[in-house]
Amino acid sequence: MSETTVDTGKRTWLIASGCAGVAGGAAVAVPFISTFSPSERAKAAGAAVEVDISSIKPGEKLTVEWRGKPVWIIRRTPEQLEALKKVEAQLADPQSQRNPDELTPAYARNQMRSIKPEFFVGVGICSHLGCSPSDKFQMGPQPSLPDDWQGGFLCPCHGSTFDMAGRVYKNKPAPDNLEVPPHMYLSDSRLLIGEDKKA
Amino acid sequence: MAEFKEISPNAPMAEKALNWVDNRFPLSKLYKEHLSEYYAPKNFNFLYFFGVLSLLVLVIQIVTGIFLVMHYKPDAATAFASVEYIMRDVPWGWLIRYMHSTGASAFFVVVYMHMFRGLIYGSYRKPRELVWLFGCAIFLALMGEAFMGYLLPWGQMSYWGAQVIVNLFSAIPFIGPDLALLIRGDYVVGDATLNRFFAFHVIAVPLVLLGLVVAHIIALHEVGSNNPDGIEIKAHKDTSGKPLDGIPFHPYYTVHDIMGVTGFLLVFSAIIFFAPEFGGYFLEYNNFIPADPLKTPLHIAPVWYFTPYYSMLRAITTEMMYALIVCVIAAAYLGATRAAISSTLKAAVIGGALVLVGLMLAIDAKFWGVVVMGGSVIILFFLPWLDHCAVKSIRYRPDWHVWLYVVFVLNFFVLGYLGVKPPSLMGERVSQIGTLYYFGFFLLMPWWSRLGETKPVPARVHFVAH
């Protein structure tokens, strides 16, 4: 096309109106995309859960639902607590230093990852792709686990392993320890999951 | 624009009616271009059934899908029960549902065969790149369609499968967690997720699929079909301009394809009636348990057609990252020393490799697993530009090329097998080697496809009358 046939005035306005159309289209897309985000109802559903822990015997686990996720309350035996020390060298983050604000509240940043050494409270969702790891509390060799297994959890999806404090083993797909939710003891037998400050 | 065509008033009624339509809509023109005067090579073998079969399965899925939607409820509280209702109470509902669930697996069987055919006969080579690209896009849309459809029965596998795949997106640095939230519409997979997946599965993705299928066929009919010899039949035409090695698609291939369709429907019906669950491969046993957000089944695996990619995802561990870093460094070294490119480009290769290695060390293996899984599908799009072999068809490639393809296919099966198995140390090692082979096959193709002595390609197709 030769330059003389181009009406530059018209071309400028064609470009300008084209840009205006694109901007308008993008603006219209915003409400449509916004409908994908969680609704007000979904945001509101996040109340704290109160649990009676007096009936849990040593070595037992209780699962409760909090924000649609499984929260485990495990009463660990002395052997299981002892094992937490033995496995430290094989863990990716034994001191819970990675993303501490999201994963481990300050009061759980210890070897047991808990307020009371006996009770572990954790969200049972693997930090890899969100499966719920299964209980492998029995020590010793078993399928999919190393022969010197000290008890913990095995994620059925991608084989990540965790110790009895939800700490992830090294060189596994899961990058982080299991999340410890905000929680507090209302009394010796009442546990509140989802809040850690007195109202 | 065609001239308005007058026809003799004494012509038969049917002829006049056709002429009336043809003056307003290109009916005869479309019929000729796509059927009666679309010349297809006469040496097609059975692998060429799978294109038509893909279309057949698409129709089966759309028709059965419409009828399932009439009884299904996209609500987390009632979805599982509504599927059981279809299976038990809706007259013949079980048949429609089994046709749809078996159809999903059948779709992947025929599409994998169709892609394999394209791969070995070089059907993606110039000038058929766009046919291949549209085809890859169809494959991608089909994977999305299958994945979202699998959530709808709201069984344990539906739920935890969706949980895992949506969480893949959360592995992306910075935007990942918000993106996963946007996909789920809730903090966990829930009613909102089910509802939107239903919308995508029954309307959005099927519309895209149909559009892509039309584009795939238009592009194919523009350039003409390839054949097992990888020879352009348009190079030898008779005096009237018809390819000597071509025959009209209709009636020859339409009739021929009826045989393929019959064979397919025989197997398809046998599965529907005698083994609709196919030993847990087409319908996984855990999916007969309603979704429970508190408990992951002890063994979860995707449906068989996703398992090769799933294996590659599982193969990327922290250890594997070091092997991949070595690969990147080796590639950059070869690029900088051996490739015939300008020195600025070489500097860019080294710089890029260093940045990549830095990122590989800085970001979790989890993210790279997702990259590898996505890359294993995306890499197919680049095939037309990776293959530099002098000949198109495997028939005239050097013999050792054939072995590379044999190993590629076996490797794909091994990865698929490992993907349905629970994680194990041995399986992890094998899938890591398999992942390296899969990517090596494609990424090194510009190099190895040029090597070796090709066999002489005949001028005309190899055809034995029967």
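This is a tour of a predicted model with chains A and B, taken one selection at a time.

**Confidence**

Start with the whole complex, to which the predictor assigns an ipTM of 0.81 and a pTM of 0.90. Then colour chain B by pLDDT: its mean is 94, and 100% of its residues reach 70 or more.

**A sheet in chain A: S2, S3 and S4**

Select residues 61-66, 69-75 and 119-123 of chain A, which are strand S2, strand S3 and strand S4. These three strands make an open sheet in the order S2-S3-S4, with antiparallel pairing. S2(A) and S4(A) are the edge strands; each has a single partner strand, so one side of each has no neighbour in the sheet. On average, and ignoring direction, neighbouring strands of this sheet are turned by 20° against each other.

Look first at the pair S2(A) and S3(A), which is antiparallel and joined by six bridges. To find the pairing on screen, pick Lys61(A), which stands opposite Ile74(A) in S3(A). The hairpin of these strands has two residues between them, and Arg67(A) takes a positive phi near 55° there.

On the other side of S3(A), move to S4(A): these two strands pair in the antiparallel sense over five bridges. Here Ile73(A) is opposite Val121(A).

**One residue: Ile73(A)**

Stay on Ile73(A), a residue of strand S3. Is Ile73(A) buried or exposed? Ile73(A) has 20 C-beta neighbours inside 10 Å, and it therefore counts as buried.

Next, show what surrounds Ile73(A). With neighbours within four places in sequence left aside, its contacts are Val51(A), Ile53(A), Ile56(A), Leu62(A), Phe119(A), Val121(A) and Leu191(A). Now draw a distance from the C-alpha atom of Ile73(A) to that of Gly122(A): the separation is 6.8 Å, although the two residues are 49 places apart along the chain.

**A second sheet in chain A: S1, S9 and S8**

Select residues 49-52 and 183-185 of chain A, which are strands S1 and S8, and add residues 190-193, strand S9. They form an open, antiparallel sheet of three strands in the order S1-S9-S8. S1(A) and S8(A) are at the edges, each pairing on one side only. Neighbouring strands in this sheet are turned by 20° against each other on average, direction ignored.

Between S1(A) and S9(A) there are four bridges, in the antiparallel sense. One pair to label is Asp52(A) with its bridge partner in S9(A), Arg190(A).

**A helix in chain B: H3**

Go over to chain B and select residues 49-69, helix H3. Its 21 residues reach 30 Å from first C-alpha to last, close to the 30 Å expected at 1.5 Å a residue.

Which residues of H3(B) are buried? They are Phe49(B), Phe50(B), Gly51(B), Leu53(B), Ser54(B), Leu56(B), Val57(B), Leu58(B), Gln61(B) and Leu68(B). To see part of what covers them, add helix H4 (79-88), helix H5 (93-121), helix H9 (191-223) and helix H10 (249-274) of chain B.

**Where the chains meet**

Finish with both chains shown: 32 residues of chain B are in contact with 25 residues of chain A. On chain B, select helices H7 (156-169), H8 (176-184), H12 (318-337) and H14 (365-378), each of which supplies at least two residues of the side that touches chain A. H7(B) gives the most, with five residues. Coloured by residue type, this side of chain B divides into 16 nonpolar, 10 polar and six charged residues.

Conventions: Residues are numbered from 1 along each chain as its sequence is written. Chains are lettered from A and ligands numbered from 1 in the order in which they are written. This is a predicted model: local features need pLDDT of at least 70, side-chain atom pairs count only at pLDDT 80 or more; totals for chains, interfaces and linings use all residues. Two residues are in contact if their C-beta atoms, placed from the backbone, lie within 7 Å. Ala, Val, Leu, Ile, Met, Phe, Trp, Tyr, Cys and Pro count as nonpolar, Asp, Glu, Lys and Arg as charged, and the others, Gly among them, as polar. Two strands pair if DSSP finds at least two bridges between them. Axes are lines fitted to C-alpha atoms, for helices over the stretch in contact, and angles run from 0 to 180 degrees between N-to-C directions. pLDDT is the predictor's confidence in each residue, from 0 to 100. The expected span of a helix is 1.5 Å times one less than its number of residues. A residue is buried if 20 or more other C-beta atoms lie within 10 Å of its own, exposed if 12 or fewer, and partly exposed in between; C-beta atoms are placed from the backbone.
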